[in-house]
Amino acid sequence: MDALLTKSEKKEISPAKEKITGSEALLRCLVEEKVEHIFGYPGGAIMPVYDALYNYADKLTHLLVRHEQGAIHAAQGYARVSGKTGVVFATSGPGATNLVTGLADALIDSTPVVCITGQVFAHLLGTDAFQEIDVINTTLPVTKWNVQVTEAKDIAPAIAKAFYIAASGRPGPVLVDITKNAQNELTDDLEYEPCKAVRTYKPKPVLQKSQVEAAAALINNAKRPYILAGQGILLSGATEELISFSEKTGIPVASTLLGLGAFPTDHPNYVGYLGMHGNYGPNINTNQCDVLIAVGMRFDDRVTGNVSKYAKQAKVIHIEIDKAEINKIIKADVEVHADAKEALSELLEHCKANHFTEWIESFKTLNQEEFEKVVQKEIENTNSLKMAEVVHMLSELTEGKAIVVTDVGQHQMVTSRYYKYKNPRTNITSGGAGTMGFALPAAMGAKVAVPNQQVIAIIGDGGYQMTLQELGTIMQYKIPVKILVLNNNFLGMVRQWQQLFHGKRYSFTEMDNPDFVKIAEAYKIPGAKVTEQNNLESALRTMLDSTTSYFLEVVVEKEDNVFPMVPAGAGVSEVILELPKGK
């Protein structure tokens with residue numbers, strides 16, 4: 001009978017499609033994208049979304065943070081440990097602008113986050129309505145992509161595109177700004193279509209075998225080759241490929257700050273941590289190698305020091321998924337514009353088996369000098385508690401297997417030096433932006449992502465007080481994250497520079513701090529304070545054994561410094577091991 005009906009007659013008797021609000025369409029999109037957790041803070045312009053969220057408690061878990069900056073840092077921590085895309089809700093105006101710091105942090109550190117902000121009604125755009133801010137132009141420099149949606153029918157395509165762009169290629173933050181009328185309007189409940197491609201956007205370059213062959217030719221003829229492992233190894237899931245490549249070729253591996261964990265620190269070919277406060281051997285031998293193989297890293301100034309003095313003797317192979325990073329800072333002799341996993345797999349086939357025993361031994365000799373002049377004094381100190389001693393003991397007690405989230409400052413550099421990371425995605429820190437206040441909310445988000453793993457936030461007393469309010473989120477949702485504050489009553493890294501380069505003029509870096517343990521207790525978080533070395537190990541064990549969140553404050557040496565150090569303007573081979581005389 002259907003065959004006898006006209007098109008118009010069929011249309012008349014077909015069941016009408018269900019209509020849903022734009023807000024519900026948004027939530028259905030998130031469910032389809034397999035989102036499980038959302039970090040957010042409600043407000044007037046996003047209230048329809050929160051109203052719809054009331055009926056999605058069985059599908060989406062929302063955590064009410066205490067500040068929007070806490071929301072995006074939590075989403076970053078969630079994304080960094082899980083490999084998934086973090087999701088944030090915020091309202092218009094100040095709600096959206098409070099995300100800017102986290103967006104900038106996520107962009108430079110390649111973290112996939114989708115932020116959904118409410119906006120005033122479309123007819124009020126441009127009128128300076130209450131809590132109206134041009135969030136698109138405000139966030140344009142700090143997002144991988146952003147878009148404003150003014151009609152309900154455009155919500156699903158925008159969300160699909162947002163998740164695709166955030167997670168593909170070099171990951172990054174995306175923002176979708178949705179006007180209030182679009183949240184309220186009715187739209188057809190259509191089948192969700194994930195985005196699989198965007199015209200003109202090519203996130204994953206096609207590996208060029210000619211580039212691999214050129215790189216292999218340099219590597220196979222090298223006498224002192226050297227691998228610099230960046231976060232791109234972790235983002236592409238190339239840890240096993242890197243290990244296989246290093247083991248076959250015999251090439252030593254050093255790690256950038258964000259690359260820590262990409263290569264096991266107990267591997268015989270691992271030679272240390274690069275950068276301003278990195279290990280002595282990796283810095284010195286950067287200017288001794290003949291072939292430098294940079295994988296998934298961007299030659300940040302904290303790694304290169306003075307570029308005019310950086311690895312001038314070496315042929316440089318740069319393996320990088322983001323074309324914009326190649327030749328931006330260091331000229332590459334061979335460009336391999338590719339995903340790190342694919343490039344290393346292909347290189348493995350083209351490079352011959354080799355060993356560089358004497359070359360690796362030279363790193364060990366230099367690092368032994370560092371041990372005798374720096375490390376031994378730090379971890380075997382008997383006069384006062386030092387940051388290095390605390391982190392070294394924590395590393396031993398956790399066997400380097402905990403997820404460690406650091407803030408920014410001296411404690412961050414000390415942790416990078418003394419915590420011996422064994423596994424990928426266990427080092428979470430703010431690298432390129434250097435965002436103080438990052439660690440507490442990021443650790444909170446990380447623990448939500450991996451509830452069965454030990455997550456420890458290591459924070460300085462300065463950065464801790466920037467996002468301290470997220471203790472309220474930890475309390476409300478009973479997130480069992482461990483918080484370790486290394487308290488020197490200073491903005492320590494700035495003070496170190498003031499000591500070295502500004503004649504000990506400690507201008508506004510000394511801090512009078514509150515009773516941190518009492519503050520933790522006010523949030524129903526048990527805590528303790530350590531001031532003596534003989535109490536340190538038992539206090540750390542108590543913290544680690546706690547089944548709830550736990551706060552531990554360790555009062556460390558007030559004017560402790562972090563060495564080695566590449567001074568500003570110096571080359572990496574000019575790294576210093578101790579405080580210059582007269583300082």
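Q: Is the crossing in which α12 passes α15 left-handed or right-handed?
A: A crossing is left-handed if the near helix is turned anticlockwise from the far one by less than a right angle, and right-handed if clockwise. Helices (H or I, at least four residues) and strands (E, at least two) are DSSP runs numbered from the N terminus. By that rule, the way α12 goes past α15 is left-handed.

Q: Which atoms do the side-chain values use?
A: First, a heads-up: this is a predicted model, in which local features need pLDDT of at least 70, side-chain atom pairs count only at pLDDT 80 or more, and totals for chains, interfaces and linings use all residues. Residues are numbered from 1 along each chain as its sequence is written, and with hydrogens and water left out, side-chain values use heavy atoms.

Q: How are α12 and α15 oriented to each other?
A: Axes are lines fitted to C-alpha atoms (for helices, over the stretch in contact), with angles from 0 to 180 degrees between N-to-C directions. Here the axes of α12 (residues 239-249) and α15 (residues 340-350) come within 9 Å and cross at roughly 25 degrees. Angles under 35 degrees count as roughly parallel, over 145 as roughly antiparallel, 65 to 115 as roughly perpendicular and the rest as oblique. That's why α12 and α15 are roughly parallel.

Q: How many charged residues are there in the contact of α12 with α15?
A: Contact means heavy atoms within 4.5 Å, and α12 brings E241, L242, S244, F245 and K248 to meet K341, L344, S345, L347, L348 and E349 of α15. Ala, Val, Leu, Ile, Met, Phe, Trp, Tyr, Cys and Pro count as nonpolar, Asp, Glu, Lys and Arg as charged, and the others, Gly among them, as polar. So the split is five nonpolar, two polar and, for the charged residues, four.

Q: How many polar residues are there in the contact of α4 with α6?
A: The axes of α4 (residues 68-82) and α6 (residues 100-108) come within 8 Å and cross at roughly 20 degrees, which makes these two helices roughly parallel. On the α4 side sit Q69, I72, H73 and Q76, facing T101, G102, L103, D105 and A106 of α6. By class there are three nonpolar residues, one charged, and the polar count is five.

Q: Which helix gives the most residues to the largest nonpolar core?
A: A nonpolar core is a set of buried Ala, Val, Leu, Ile, Met, Phe, Trp, Tyr and Cys residues joined through side-chain atoms within 4.5 Å. The largest one has 98 residues, and Y226, L292, L484 and V554 touch the most other members. With six residues, the top contributor is helix α16.

Q: Which helix is included in what covers the buried residues of α22?
A: Buried means under 20% relative accessible area, exposed over 50%, and partly exposed in between (1.4 Å probe, protein chains only). Seven of the ten residues of α22 (residues 492-501) are buried, namely G492, M493, R495, Q496, Q498, Q499 and L500. What covers them includes α18.

Q: Is T200 buried or exposed?
A: T200 sits in the loop between β8 (186-188) and α10 (209-220). Though not a glycine, T200 has a positive phi of about 80 degrees. Its relative accessibility is 70%, so T200 counts as exposed.

Q: Is A311 buried or exposed?
A: You'll find A311 in the loop between α14 (301-304) and β13 (315-320). A311 has a positive phi too, near 45 degrees, and is not a glycine. Its relative accessible area is 6%, so A311 is buried.

Q: What separates the C-alpha atoms of A439 and L27?
A: A439 belongs to helix α19 (residues 439-449), and at 0% relative accessibility A439 counts as buried. Beyond four places in sequence, A439 is in contact with V405, T406, D407, A457, I458 and I459. L27 is 412 residues away along the chain, and the C-alpha separation is 29 Å.

Q: What is omega for the peptide bond that joins F563 and P564?
A: P564 lies in the segment after β20 (550-555). The bond between F563 and P564 is cis, with omega at about 0 degrees.
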